[in-house]
Number of protein chains: 2
Amino acid sequence: MEIVYKPIGKILTSLKEKTHAPIQGVLAPESRGSIEVFPEFAEGLKDIEGFSHLILIYHFHKSGDYTLLKKPFLDKTERGIFSIRHYSRPNPIGISVVRFLSVNDNILEIAEVDILDGTPLLDIKPYMPKFDIRNDARDGWLKDNEINKQIRGS
Amino acid sequence: MEIVYKPIGKILTSLKEKTHAPIQGVLAPESRGSIEVFPEFAEGLKDIEGFSHLILIYHFHKSGDYTLLKKPFLDKTERGIFSIRHYSRPNPIGISVVRFLSVNDNILEIAEVDILDGTPLLDIKPYMPKFDIRNDARDGWLKDNEINKQIRGS
């Protein structure tokens with residue numbers, strides 16, 4: 001079974017290489033970008049201005065081959081690819097929660113961006129606190145001290 | 001540009017029809033399901049057992065044609081499709097945060113499920129509180145009273 005999607009737009013950022021991208025957008029609050037939604041889909045942006053954050057779903061277009069075991073950026077041990085957020089996935093789909101700044105016709109300005117320049121955008125969904133926040137959630141292998149190092153280093 | 005994905009597994013639930021599905025999993029805490037990850041991808045599940053919640057990315061296989069304006073389930077006004085979570089999207093990709101109960105080889109048991117039986121699974125990502133929770137996030141058109149009605153009615 002094959003599933004075929006077409007981009008609804010593209011994501012424009014200053015991140016030109018994979019090595020430049022922050023590990024997650026929340027670790028790079030100053031990182032800005034734009035979204036160009038292709039004009040034929042712009043009507044779908046109606047009412048988006050009320051949300052403070054958006055979930056972007058996109059294609060990791062420079063992911064290369066996938067692997068089922070991979071060292072995550074925040075750890076030294078190989079983990080299963082479905083236990084980490086690395087891009088080397090069987091279906092290289094990325095999701096990012098970004099801060100939404102403004103919209104002008106089919107162009108959206110965003111912050112807290114960890115996405116490479118030119119990334120094909122597949123979908124935009126509103127981040128809805130009632131549905132997306134799980135305050136009782138527990139991390140697995142990820143250790144606080146590794147994240148804190150990143151935050152201090154950023 | 002066409003982007004081609006292949007399912008890594010399928011989602012098995014008691015929800016046989018779209019009209020049976022809860023609006024979001026968090027509104028149906030008792031709703032259970034299973035994930036069958038196809039055996040060739042099972043190695044990618046290593047280390048997943050430490051997480052309490054997973055993000056499932058899947059194909060809305062019964063979505064039908066898309067529309068750019070749609071009334072959401074929780075409102076009476078037409079909204080842009082990128083401002084709501086409805087399945088009638090240009091790329092019918094669904095995301096759900098589910099509670100992760102257990103894993104046995106390539107089978108995962110989950111709860112808080114809002115996904116139709118037989119849904120093709122594209123990816124699993126760990127829900128990571130440090131990256132996925134935005135406690136300062138603000139809802140747009142969604143009104144608390146509509147959600148509260150759903151919670152009381154469930």
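Two exercises with worked solutions follow.

The structure is a predicted model, in which local features need pLDDT of at least 70 and side-chain atom pairs count only at pLDDT 80 or more, while totals for chains, interfaces and linings use all residues. Residues are numbered from 1 along each chain as its sequence is written, and chains are lettered from A and ligands numbered from 1 in the order in which they are written.

**Exercise 1.** Determine which strands form the closed barrel of chain B, and how strand 4 pairs with strand 7.

*Solution.*
1. Strands are DSSP runs (E, at least two residues), numbered from the N terminus; two strands pair if DSSP finds at least two bridges between them.
2. In chain B, six strands close into a barrel in the order 2-3-8-7-4-9, with antiparallel pairing.
3. From one strand to the next, the twist averages 45 degrees, where axes are lines fitted to C-alpha atoms and angles run from 0 to 180 degrees between N-to-C directions.
4. Strand 4 (residues 53–59) and strand 7 (residues 93–104) of chain B run antiparallel and are joined by seven bridges.
5. Within this chain, B:H53 has B:R99 of strand 7 as its bridge partner.

**Exercise 2.** Establish how chain B is related to chain A.

*Solution.*
1. Superpose the copies by least squares on the C-alpha atoms of residues with pLDDT of at least 70 in both.
2. A turn of 180 degrees and a shift of 0.0 Å along the axis lay chain B on chain A with an RMSD of 0.0 Å.
3. This is the relation of a two-fold axis.
4. The C-alpha of B:V4 lies 2.3 Å from the rotation axis, the closest approach among the residues of chain B.

Definitions and conventions:
Helix = DSSP H or I, 4+ residues; strand = E, 2+ residues; numbered from the N terminus.
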